[in-house]
Amino acid sequence: MPVKPKLGQNFLHDVQATQRIAASLGDLSGRTVVEIGPGRGAITASLAARAAHVIAVELDPVLAARLRTEFPSDRVTVVGQDVLHFDFAAAAQAAGQRLLVAGNLPYGITSQILLKLAASHAALDRAILMVQREVADRVTASPSSRDYGLLSVTVQIFGPAESLFTLPPSAFSPPPDVYSTVFRWRFAPRFAELGVEEAPFLRFVRQVFAQKRKTLANNLRTAGLQPPVIVTALERTAIDSHARAEALSIETLAALFNHLKAQQDSV
Ligand code: SAM
């Protein structure tokens with residue numbers, strides 16, 4: 001069967017790794033797991049052995065048909081669909097529980113899938129995802145580290161993310177050009193705890209990280225804020241006026257957002 005590189009088809013043939021991915025999801029008894037991009041079913045088999053129900057979402061119709069033959073049991077439902085259009089909320093409602101998610105992702109659309117999962121957070125409990133190593137490094141990075149930035153904050157505001165293990169290209173067929181890392185993401189959004197509203201705060205985060213070379217103050221100016229407003233908010237949050245957003249924790253970004261909002265609300 002020809003491989004479709006445009007669909008990110010690098011199939012995992014390291015059996016130990018497939019079992020490790022399923023085991024990393026924790027106790028699966030009674031649980032419904034959505035698998036993103038099941039491909040030839042390498043991880044699906046490990047998940048189906050442990051979970052009550054696996055919903056395998058595969059875009060390639062040839063692979064989806066093959067999976068239906070390979071997993072005829074009621075415990076595996078193959079959905080031939082683009083995962084970016086999959087309705088996680090409806091699936092969670094039908095399952096009567098928050099979903100678990102697993103997947104060796106098609107790397108070309110990793111960011112879109114992470115944003116889709118973030119937008120579906122209310123339907124989700126936790127996810128185990130394999131991505132390109134550099135992406136996992138950015139997703140799980142801490143403030144002031146080389147890899148910390150917009151992606152780290154955008155993921156971690158929806159809950160903690162931690163890298164678990166890395167696999168070499170030789171674990172896949174055909175081998176990709178990159179190393180791959182599996183990470184865990186627990187969905188526990190922090191908006192209420194930080195006292196910020198989801199959509200405006202995420203907009204603010206995109207603004208402060210808009211240009212990596214610029215200081216935080218310059219990015220805020222570019223976003224249209226007045227210099228005196230910026231200076232006051234930086235002083236009140238004890239942020240250095242030359243700081244870059246890459247140095248700030250999510251808590252500090254939230255405090256700054258709230259100070260700026262308070263000043264704008266008082267005008
Ligand atoms: N899980 C299998 C494994 O580990 O061997 C396959 C992983 S492969 C990296 C990615 C899989 O995602 C492929 O089977 C590909 O056809 C599928 N895929 C690509 N784009 C997709 C999309 N938008 N929605 C669902 N599946 C997709």
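**Loop contacts, ligand site and internal space in the predicted model**

Gln-97 is located in the loop that joins helix 4 (88-95) to strand 5 (99-104). In this predicted model, the side chain of Gln-97 takes part in two kinds of contact, one to backbone and one to side chain. The backbone oxygen of Gly-30 is reached by the Gln-97 side chain at 2.9 Å. The side chain of Arg-31 forms a polar contact with the side chain of Gln-97 at 3.0 Å.

Two further loop residues were noted for their backbone geometry. Pro-174 belongs to the loop between strand 8 (172-173) and strand 9 (180-186). The peptide bond leading from Ser-173 into Pro-174 is cis, and its omega is near -10°. Ser-144 is placed in the loop between helix 6 (133-139) and helix 7. The phi angle of Ser-144 is positive, near 75°, although the residue is not glycine.

The ligand is surrounded by 23 residues, and the closest of these are Gln-9, Leu-12, Gly-37, Glu-58 and Asp-82. By residue class, the shell around the ligand consists of 12 nonpolar, 7 polar and 4 charged residues. Several backbone atoms of the protein lie at short listed distances from polar atoms of the ligand. For Leu-12, a backbone N or O atom is 2.8 Å from an oxygen atom of the ligand. For Gly-37, a polar backbone atom is 2.8 Å from a nitrogen atom of the ligand. A polar backbone atom of Pro-38 is found 3.3 Å from a nitrogen atom of the ligand. On its own the ligand has 600 Å² of accessible area, and 98% of this area is covered by the protein.

The ligand occupies the largest pocket of the model. The volume of this largest pocket is about 640 Å³. Its lining is made up of 39 residues, with Leu-7, Gly-8, Gly-37, Asn-104 and Pro-106 nearest the centre of the pocket. Gly-37 therefore appears in both descriptions of the site, being listed among the residues closest to the ligand and among those nearest the pocket centre. At least two lining residues of the largest pocket come from each of strand 1 (11-12), helix 1 (15-24), strand 2 (32-36) and helix 2 (42-48). Sorted by class, the lining of the largest pocket contains 22 nonpolar, 11 polar and 6 charged residues.

Enclosed space was also examined. Searching the whole structure gives 1 cavity of 30 Å³ or more. The largest cavity holds about 40 Å³ of space. Ser-111, Leu-114, Leu-115, Ala-118, Leu-151, Thr-154 and Val-155 form the lining of the largest cavity. Helix 5 (110-119) and helix 7 (150-156) are the elements that each contribute two or more residues to this lining. Helix 5 provides the largest share, with 4 residues. The lining of the largest cavity comprises 5 nonpolar and 2 polar residues, and no charged residue is present. Charged residues do occur in the lining of the largest pocket, where they number 6.

Terms used. Residues numbered from 1 in each chain as written. Predicted model: local features only at pLDDT ≥ 70, side-chain atom pairs only at ≥ 80, totals over all residues. Heavy atoms only, no water. Near = heavy atom within 4 Å. Polar contact = N/O pair within 3.5 Å; in protein donor to acceptor, adjacent residues only side chain to side chain. Areas by Shrake-Rupley, 256 points an atom, 1.4 Å probe, with all protein chains shown as cover. 1 Å grid on protein atoms, 1.4 Å probe; cavity = no way out; pocket = protein on both sides within 12 Å on 5 of 7 lines; lining within 4 Å. Sits in = over half its atoms within 2 Å of the grid points. Nonpolar A, V, L, I, M, F, W, Y, C, P; charged D, E, K, R; others polar. Points joined across faces, edges and corners; volume = space filled by probe spheres on them.
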